[in-house]
Structure formats: C-alpha cells, structure tokens
Amino acid sequence: MRAAQKFNLMRPIDRWVFSRAIAIIQKRAAGNDSSTLFVKLSEDTLRDTENFITWLNSLLQSRNAKLKPEDIVVELQEHALQNHIRKAKQLYQALGDAGAGLAVEHYGVGANSAQMLDHLPLQYIKFHPSFTQNFADRELQKRLGVLVEVAKQKNIKTIVSHVEDANVMARLWQMGVNFVQGYHVQEPEVVLLATDITTRH
C-alpha cells in the first residue's frame with residue numbers, strides 16, 4: 001500500500017475494490033449469503049470526492065445496481081475524515097443516498113472523536129487498535145467506555161478489533177460493544193466440527 005500511495009495509485013485501487021465488491025454482491029444476490037462487506041477507502045479518494053461520486057453513480061447505473069447497508073459498508077479512517085470534514089460529509093451523504101452503510105475506522109484517538117458522530121450519518125464505528133493493545137490503561141478504558149455510550153445514544157454499532165484475550169472480550173461485552181474481532185481467543189466452532197468429522201471418518 002505504501003508503494004501505491006507513493007505512485008498515486010490509491011484512487012484507481014479504491015475504485016477497482018469497490019467495483020469488485022459490487023460484482024460480488026450482485027453475484028450472491030440469488031443465494032442465501034447474508035454477510036456484509038466492509039470496503040475501505042483511502043484518504044486520496046476522499047480528497048477526490050467529487051470525481052469519485054461521479055464515478056460511483058456511473059458504475060451503479062451501468063450495472064443496474066442498488067446498494068443496501070446490510071450488503072456493503074464503506075469505511076475511512078478517523079484522521080482522514082477529520083482532515084477533510086467537508087468532503088467527508090459530501091462523500092458519506094452520497095454513499096448513504098446510494099444505499100451503502102457507513103463506518104469510521106481507527107476511531108477514538110482524535111481530539112474531537114465524540115463530536116464527529118454529530119456530523120456523519122454512521123452505522124458503525126471501529127475503534128483504534130490501541131484500545132485493546134493497551135487495555136490495562138485505566139484512562140484508555142474510561143475513554144472507550146464513554147465513546148461506546150455516545151455511540152449507543154446515536155444507535156451506532158461498535159466494533160473493537162485486535163481482541164486476543166477472553167477476559168478483555170468479556171469486559172468489552174459488559175461495556176456494551178456490539179462486535180469484537182481478533183485471533184487466538186477460541187478456534188471457530190465450524191472448524192472444530194469439521195476436524196471432528198474428518199477424524200471419525
């Protein structure tokens with residue numbers, strides 16, 4: 001990604017990824033797959049908001065595609081949104097009008113994180129990894145709890161990533177976090193079941 005940024009390739013990459021996501025959604029429309037795709041956009045695309053919106057509208061029209069928030073959620077990092085708040089409002093408004101769900105990632109470390117939720121029509125916030133990586137820090141835990149409560153009041157779902165400890169996961173549930181992401185807490189049940197079936201046969 002650093003090479004792509006260096007050579008100004010993030011905008012075409014974002015468009016390719018978004019286009020592929022639409023193709024995947026359309027392909028699985030006839031099936032029973034109900035998973036949601038989270039698509040990250042770069043700060044370069046945010047800077048190019050007007051052209052991206054024009055491109056997006058053209059893409060949706062040419063493919064006769066309609067977006068639904070349960071199918072696709074678009075996310076950008078908090079620092080990028082804060083750096084370009086006017087463009088962020090414009091881009092998120094256009095994406096929301098097109099039917100996409102909206103999220104902010106790496107959330108909670110900005111000076112005006114809580115206030116940001118007043119300006120963008122978000123469905124999800126994904127907290128910065130530092131909240132779990134430094135979970136023992138009482139001040140950080142307190143800030144996380146406050147921001148989770150603010151999100152709850154606005155009916156915004158919360159996601160915490162990099163969770164690798166069952167005790168941390170339990171504490172996050174107690175705080176009211178909606179979703180956790182991580183590794184090595186427990187092997188997925190479906191994998192255990194598949195292993196058990198293979199062993200028996």
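Trainee: How do the residues of the lining of the largest pocket divide into nonpolar, polar and charged?

Mentor: You get seven nonpolar, eight polar and five charged. Keep in mind that this is a predicted model.

Trainee: Which residues lie closest to the centre of the largest pocket, and how much space is in there?

Mentor: About 400 Å³ of space lies in it. Its lining has 20 residues, and the closest to the centre are Lys40, Leu41, Ser42, Gln77 and Glu105. The elements giving two or more residues to this lining are α3 (43-47), β2 (72-77), α5 (78-83), β3 (101-107) and β4 (124-127).

Trainee: What about the second largest pocket: what lines it?

Mentor: There are 12 lining residues, with Ile25, Gln26, Ala29, Lys68 and Asp71 closest to the centre. The space in this second pocket is about 180 Å³. By class, its lining has five nonpolar, two polar and five charged residues.

Trainee: On to helices. Why is α4 called roughly parallel to α6?

Mentor: Check the angle: α4 (residues 49-62) and α6 (residues 85-98) pack at about 10°, with axes 10 Å apart. Angles under 35 degrees count as roughly parallel, so α4 and α6 earn that label.

Trainee: Which residues make that contact?

Mentor: On the α4 side, they are Thr49, Glu50, Phe52, Ile53, Leu56 and Leu60. From α6 come Arg86, Lys87, Gln90, Leu91, Ala94, Leu95 and Ala98. By class, that gives eight nonpolar, two polar and three charged residues.

Trainee: And what makes α9 oblique to α10?

Mentor: Again, look at the angle. The axes of α9 (residues 138-153) and α10 (residues 166-175) come within 10 Å and cross at roughly 40°. Roughly parallel needs an angle under 35 degrees and roughly perpendicular needs 65 to 115, so this crossing fits neither and α9 is oblique to α10.

Trainee: Who does the touching there?

Mentor: Helix α9 brings Gln141, Leu144, Gly145, Val148, Glu149 and Lys152, while α10 brings Arg171, Leu172 and Met175. The classes are four nonpolar, two polar and three charged.

Trainee: Last topic, rings. How do you know that tyrosine 124 and phenylalanine 179 make a tilted pair?

Mentor: Start with the distance: their centres are 6.4 Å apart, and rings pair if the centres lie within 6.5 Å. Then take the planes, which sit at 45°. Stacked needs under 30 degrees and edge-to-face needs over 60, so the pair is tilted.

Trainee: Where in the chain are the two partners?

Mentor: Tyrosine 124 is in strand β4 and phenylalanine 179 in strand β6 (residues 179-180), 55 residues apart, so to speak linking distant parts of the chain. The structure holds seven aromatic pairs.

Terms used. Residues numbered from 1 in each chain as written. Predicted model: local features only at pLDDT ≥ 70, side-chain atom pairs only at ≥ 80, totals over all residues. Heavy atoms only, no water. 1 Å grid on protein atoms, 1.4 Å probe; cavity = no way out; pocket = protein on both sides within 12 Å on 5 of 7 lines; lining within 4 Å. Points joined across faces, edges and corners; volume = space filled by probe spheres on them. Helix = DSSP H or I, 4+ residues; strand = E, 2+ residues; numbered from the N terminus. Nonpolar A, V, L, I, M, F, W, Y, C, P; charged D, E, K, R; others polar. Axes fitted to C-alpha atoms, helices over the stretch in contact; angles between N-to-C directions. Parallel < 35°, antiparallel > 145°, perpendicular 65-115°, else oblique. Contact = heavy atoms within 4.5 Å. Phe/Tyr/Trp six-rings, centres within 6.5 Å; stacked < 30°, edge-to-face > 60°.
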